[in-house]
Amino acid sequence: MQNGEESKPFDLGVRTKQFALRIIRLFQALPDTTEARVIGKQVLRSGTSVGAQYREARRARTKTEFQSKIESALQELEETGYWLELLGESKIIPSDKLISLSQEQRELTGILVSSANTVSQNR
């Protein structure tokens, strides 16, 4: 670790669960407005679904099933990224407060894309 970088767990099960917990805390901190509630429920649903999809992928019986679940997790990550952008750009949450969470969303996306590509090449 250099320059104050945080150590991130390698286990994707742990990382996706930590991501879900961060999404839950974000939801809990949202202001009590109609806009925040609507977008908040969307980000809560998609952001917490990533880890569930990943757990299902780990229990897949075939490579095809594994790839399908990874692709579902990727869809949820993309949707979560969209809702995070809306929260920041609408000024419901200051954009600077979303940087770390958005970065983790992008990192998880990259890892899962790589995983899906590897499975696809090995089929």
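## A buried charge to start with

Let's begin with E104: this residue has a relative accessibility of 6%, so it counts as buried. Its side chain meets the side chain of R15 in a salt bridge, with 2.8 Å from N to O. The two partners come from distant parts of the chain, since R15 sits in helix α1 and E104 in helix α4, 89 residues apart. And is R15 buried or exposed? At 9% relative accessibility, R15 counts as buried too.

The story doesn't stop at two residues, because a salt-bridge network links R15, E104 and E107. Keep in mind while you look around that this is a predicted model.

## The overall layout

Now zoom out. The protein has four helices and zero strands, and from the N terminus on its elements run α-α-α-α. Along the principal axes, the C-alpha atoms fill a box of roughly 45 × 35 × 20 Å.

How does the radius of gyration fit a compact globule? For 123 residues, such a globule would have a radius of gyration near 14 Å, and the protein has 15 Å, which agrees. Of those 123 residues, 37% count as buried. Take the contacts between residues at least 6 apart in sequence: 74% of them join residues at least 24 apart.

## The nonpolar core

In soluble globular proteins, nonpolar side chains tend to be buried together. Here, the largest nonpolar core has 27 residues, and L26, I70, L87 and L112 are the ones with the most contacts inside it. Each of α1 (12-29), α2 (34-58), α3 (63-89) and α4 (99-122) supplies at least two residues of this core. Which helix gives the largest share? That would be α3, with eight residues.

I70 makes a nice place to click. Leaving aside neighbours within four places in sequence, I70 is in contact with Y54, A57, L112 and A116. One of these, L112, is itself on the list of residues with the most contacts inside the core.

## A closer look at α4

Helix α4 has 24 residues and reaches 35 Å from its first C-alpha to its last, close to the 34 Å expected at 1.5 Å a residue. Its buried residues are L101, S102, E104, Q105, L108, T109, L112, A116 and V119. What covers them? The cover includes α1, α2 and α3.

Try reading along that list with helix geometry in mind. An α-helix has 3.6 residues a turn, so residues three or four places apart point the same way. Among the buried residues of α4 you'll find L101, E104, L108, L112 and A116.

## More salt bridges

How many salt bridges are there in the structure? It holds eight. Besides the R15 and E104 pair, the side chains of E76 and R45 meet in one, at 3.1 Å from N to O. This pair also links distant parts of the chain: E76 is in helix α3 and R45 in helix α2, 31 residues apart. With a relative accessible area of 14%, E76 is buried, whereas R45 is partly exposed at 37%.

R61 and E65 form another salt bridge, and their closest N and O atoms are 3.6 Å apart. R61 counts as exposed, at 73% relative accessibility, while E65 is partly exposed, with a relative accessible area of 23%.

## One aromatic pair

A search of the whole structure finds one aromatic pair. It's made by Y82 and W83, whose ring centres are 5.0 Å apart and whose planes sit at 70 degrees, so the pair is edge-to-face. Why does that angle earn the name? Planes over 60 degrees apart count as edge-to-face.

How do the two residues stand with respect to the surface? Y82 is partly exposed, with a relative accessible area of 45%, but W83 counts as buried at 16% relative accessibility.

## A buried glutamine

Last stop: Q53, which is found in helix α2. Its relative accessible area is 14%, so Q53 is buried, given that buried means under 20%. What does Q53 touch? Not counting residues up to four places away in sequence, Q53 touches K69, S72 and A73.

Note on methods
Residues numbered from 1 in each chain as written. Predicted model: local features only at pLDDT ≥ 70, side-chain atom pairs only at ≥ 80, totals over all residues. Heavy atoms only, no water. Core = buried A, V, L, I, M, F, W, Y, C linked by side-chain atoms within 4.5 Å. Buried < 20%, exposed > 50% of the residue type's maximum accessible area, 1.4 Å probe, protein only. Contact = heavy atoms within 4.5 Å. Expected span 1.5 Å × (residues − 1). Phe/Tyr/Trp six-rings, centres within 6.5 Å; stacked < 30°, edge-to-face > 60°. Salt bridge = Lys/Arg side-chain N within 4 Å of Asp/Glu carboxyl O. Rg over C-alpha atoms; globule rule 2.2 N^0.38 Å.
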